[in-house]
Amino acid sequence: MNNQSVPFLLVEDDPAHILLFQRALRKAAMPNPLQIVSTGEAAVAYLNGEGIYSDRLQYPLPHLVWLDLNLPCLSGFEVLEWLKQQPALQWITIIIVSSSENTSDVEQAKALGASAYLIKPINSIDLVRLVETYVSSNVNNDSK
Amino acid sequence: MIKGVSIVMMQQTQRSQLFHYGVAITVCLLALLLRLLLAPLLQENAPLLVFIIPVMISAWYGGIGPGLLATALSATIGTYFFIEPALGFSVAGLAEPTRITIFLTEGILISGLNESRIRAKERSEAIATSLRKSEAQYRLLIESVRDYAIYLMDLNGRVVSWNAGATQIKGYTTAEILGRHYSIFFTPEEVERRKPEAVLETAATRGYFAEENWRQRKDGSRFWATVVLTPVYDDTGQLQGFTNITRDITDRQQAEAALQQEKAASDLERKRLQTVLDILPVGVFIADHQGKILQANAMIKRIWGGIPATESPAEYAQFKGWWTSNKAPIAPSEWALTRALTAGETSIEEEIEIETFDHNHKVILNSAVPIRDEAGAIVNAVVVNVDITRRKQAEEAMRRSGERLAALHEIDQAILRAESSQEVASAALERLRRVMPYSQAVVIIFDFAAQQAELLAGGIDGETAGSTVPLDQLMLKSMPLAQGSVRYIQDLATLAERPLLLNHQLIEGQRSLLTASIVAQDELIGELHLFASTADCFNQEHQEIAAEIANQLAIALQQARLREQLQHYATELEQRVIDRTAALQSANEELEAFGYSVAHDLRAPLRAIQGLGNALLEDYGDQFDEMGQLLVERIAASADQMDTLITDLLAYSRLSRTEIHLQPVSLGAIVAETLTQLQQDVQSSQAQIQIDEPLPDVVGNRLILMQVITNLIVNALKFVAPQQQPRIHIWAESISGSSSSGQGVPCIRLWVEDNGIGIDPKHQTRIFGVFERLHGIETYPGTGIGLAIVRKGVERMGGRVGVESQPGQGSRFWIELLQITSTL
């Protein structure tokens, strides 16, 4: 498995940002399979393999989760918190994508185990750098 | 010896007797011879005549013995030789024997006469001898008297005899003075007055003169003399002269004078002492060593109501005294006086109680001091008594009044501390117990409308505080209590009409009842009842206290009512404030949360707009004409501006919301760090920045202070005239500022001076408000939040901000922060 093939999960409810994210992936020439959920509950269900998400062929577990903080119902932080309590899912890299520059938000995200914090709008350069940093290491770890 | 002497004398007498007899024989023989010689002439005539001669001679010379011998011998010889017949003893006739007989008779007579003559002579000689002897002795006596001048004067006063005493006393020798007039012994003044003559005359007429007076010695010195003159008369009663006996009594007189002086002095002394004693306001008496009271002054008699005569300490039992300390009676041996006399003890101001001899009780201070003679023996003791009864009474009165005051004060205090009417009343009763001998007490508040009385404190007949009783069970209808007065029922038993509760009280053994009315604002609101289990237990003072307490109670109860009301209002108000504050706080929190989430939520679509705009330009920019491009850029710019606005708003709202920890921070480090962060802006504007280092440390929060300083520097960089190079000057000074912590607190003022466009004074307050902008967005872009952040940040750190500026002359912004003091 290489960088190009690891699946991503984007948790985002704003279509504009989904659009911009997809554009950035495209611009970065990243053909990685991208699954998108628009709520925190959906994210948890996806990662937990509940309901329709039990089909891992169609909904593979992502190596990288791009998580917005400002989500309806379950917030990004809550998803993050839940995720970090799932021993089986510890290997998944979480990157926060938020329009908040608030230091406390950044610090809280880090504290809850997020690997990186991106401020919207996201650009392709950041995407590439992050994927190279986190996915490569993960893949390498897996191959060992 | 004596015997020997008498023998010798006897022998001498015998010899002298024999000699007389020899003389008798001899003269007889001589007479015979003479007769024989005369015989031729006489013949036989007068045969015995011549023989009368030897008889006379013998008798004259030898007395009776030799005379008789001469008579017998002469008769014999005459008869033998010359009586006829001669040469024989025969006589013839009558004539011859007659002659012989006559001769014998003559002879015997002559002998006898001579004997008696000789005897008389011897006797008179003996008398004369003894007289002479006695005279000599007498003269010797007189002459040898030395202490007295004894001399004789003739009628005129001339000295005729002088003794040794006179020489000694007057200084004249016998030779010098004999024949001189005795006036030389007088003083010249007396001589002048003819005193010597007068003295003689007095002595002569009265038979005696005596005086004590001055006399003069030979050397002119004077002496004090007793003089006695006595006239001397002869056997016929003729005045012969005067004897004078003078004695020098100067010494005696001096001694007497001294004695008299001494006596006078001691009399004076005694008088003085008595005067002092009598004028003394303290009682004094003096006892001798046996304990007999010698002298007592007026005051001590007044103190004791008289002082009995006492001879010894045993009799001090008459004095009744008790020790103040333990009320034990004072035994005679315990009196200070007894101890002074027996043990030489000095006692000063022993406080004792006494019963005087006129049966009064007094408190005195008793002191006793022994007086010793030169040998150290105790000869006297002095007792001093000070009557302090009045002082004691005054002290007692003071003490009681003080106690009462203290109690009243305490009640006041307790009443002041007390918060409710009940507390006030029970505080009063509790403390009243210390000054009043009551056994039961109750404070009652009337409710006339309901005809009830509420028991505020204390209790009555089993009813305790908090309960209510019908008024008629308690109130004396026949004896309504006037406002502000006290009613005293000495014995409930004597009360004709007894309300139910009072009757119960009596049955329970309460006898005295003291009632004081409680009147507030001219209205009878209650009563204070004090019961005691003995009849007539309360005195005038108690009644006064009760009235006083009732007054205090009235005020305090009124106050308590007001206070309760006030408390009620205050509590209500406080609750309202709390409620409103909570509401406000929650509204505020909501608002802040709202603001935050608005800002936050605004940002997501904004970021989308920014991203989409950029994407549009990147992906389709070449398909737009110039205008189309401009429009898309405008969208991006607006989005950026809104983003800044939101960022600033969020920063500002965070400043208000977050808790801030203040600690010492280094201004220098913060300014340097800020400038590093702003490096790009500084470089692009080519600004000149001068910092007067070192900058001091202040009390603050590093992050907020950075925000503040960033905004100030950004401002200084931004608001300069076009084409002008910004110059910024940063310095700090210590001032005694007026921070939010108060006046006169040591502060640090940090100045940021620019050479910018300046601010009109009329805007200088405005500029620190949120969204306040003085310039169009095109001239000086900005959100109008920067200085609001500066002010909010500084205020959150306990400081102040300000600006000094004139348009076109640059601005000097300052922030004032707390200086670091040792308390931090």
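Trainee: In this predicted model, is B:Arg222 buried, partly exposed or exposed?

Mentor: With a relative accessible area of 38%, B:Arg222 falls between the cut-offs of 20% and 50%, and therefore counts as partly exposed.

Trainee: What does the side chain of B:Arg222 meet in a salt bridge?

Mentor: The general idea is that side chains of opposite charge can pair when their charged atoms come close. Here the side chain of B:Arg222 meets that of B:Glu189, with 3.1 Å from N to O. This pair links distant parts of the chain, since B:Arg222 lies in strand β3 of chain B and B:Glu189 in helix α7 of chain B, 33 residues apart. B:Glu189 is likewise described as partly exposed, at 41% relative accessibility.

Trainee: Which salt bridge can I look at within helix α12 of chain B, and why can its two residues be set about one helical turn apart?

Mentor: B:Glu395 and B:Arg391 meet in a salt bridge at 3.7 Å, N to O, and because they are 4 residues apart in helix α12 (residues 389-417), about one helical turn separates them. B:Glu395 is partly exposed, with a relative accessible area of 37%, and B:Arg391 is partly exposed at 45%. In helix α15 (residues 540-620) of chain B, B:Glu572 and B:Arg576 are also 4 residues apart, which means a separation of about one helical turn, and their side chains form a salt bridge at 3.1 Å, N to O.

Trainee: Which residues are linked in a network of salt bridges, and how many salt bridges are there over all chains?

Mentor: The network links B:Glu190, B:Arg193, B:Lys195, B:Glu211 and B:Arg215, while the count over all chains comes to 36 salt bridges.

Trainee: How many residues does each chain bring to the contact between chain A and chain B, and what area is buried there?

Mentor: The size of an interface is often given as the accessible area lost when the parts come together. In this model about 1300 Å² is buried between chain A and chain B, with carbon and sulfur atoms giving 47% of that area, and the contact takes 16 residues from chain A and 16 residues from chain B. On the side of chain A, the residues A:Arg23, A:Ser99 and A:Asn102 supply 34% of the area that this chain buries against chain B, more than any other three residues. There are 3 salt bridges between the two chains, and A:Arg23 forms a salt bridge with B:Glu618, where the closest N and O atoms are 2.8 Å apart.

Trainee: In what order do the elements of chain A run?

Mentor: From the N terminus on, they run β-α-β-α-β-α-β-α-β-α, giving 5 helices and 5 strands. Of the 144 residues in chain A, 51% are buried.

Trainee: Which residues have the most contacts inside the largest nonpolar core?

Mentor: In soluble globular proteins, nonpolar side chains tend to be buried together. The largest nonpolar core here has 43 residues, and B:Leu705 and B:Ile815 have the most contacts inside it. Helix α19 of chain B gives the largest share of this core, 9 residues. Among the residues that B:Leu705 touches are B:Val665, B:Ile670, B:Met797 and B:Ile815.

Trainee: Where on the surface do nonpolar residues form a patch?

Mentor: The patch includes B:Phe19, B:Leu30, B:Ile53 and B:Trp60, and its residues together have about 910 Å² of accessible area. The largest share, 5 residues, comes from α1 of chain B, whereas B:Ile53 has its place in helix α2 of that chain and is partly exposed at 45% relative accessibility.

Notes. Residues are numbered from 1 along each chain as its sequence is written. Chains are lettered from A and ligands numbered from 1 in the order in which they are written. This is a predicted model: local features need pLDDT of at least 70, side-chain atom pairs count only at pLDDT 80 or more; totals for chains, interfaces and linings use all residues. Side-chain values use heavy atoms; hydrogens and water are left out. Patches are made of residues with over 30% relative accessible area and no salt bridge: like charges are joined within 9 Å, nonpolar side chains (Val, Leu, Ile, Met, Phe, Trp, Tyr) within 5 Å. Accessible areas come from the Shrake-Rupley method with a 1.4 Å probe; for residues, only the protein chains shown count as cover. A salt bridge is a side-chain nitrogen of Lys or Arg within 4 Å of a carboxyl oxygen of Asp or Glu. Buried means under 20% relative accessible area, exposed over 50%, partly exposed in between (1.4 Å probe, protein chains only). A nonpolar core is a set of buried Ala, Val, Leu, Ile, Met, Phe, Trp, Tyr and Cys residues joined through side-chain atoms within 4.5 Å. Contact means heavy atoms within 4.5 Å. Buried area is the accessible area (1.4 Å probe) that two parts lose on being put together, summed over both. Lists of a residue's contacts leave out its neighbours within four places in sequence.
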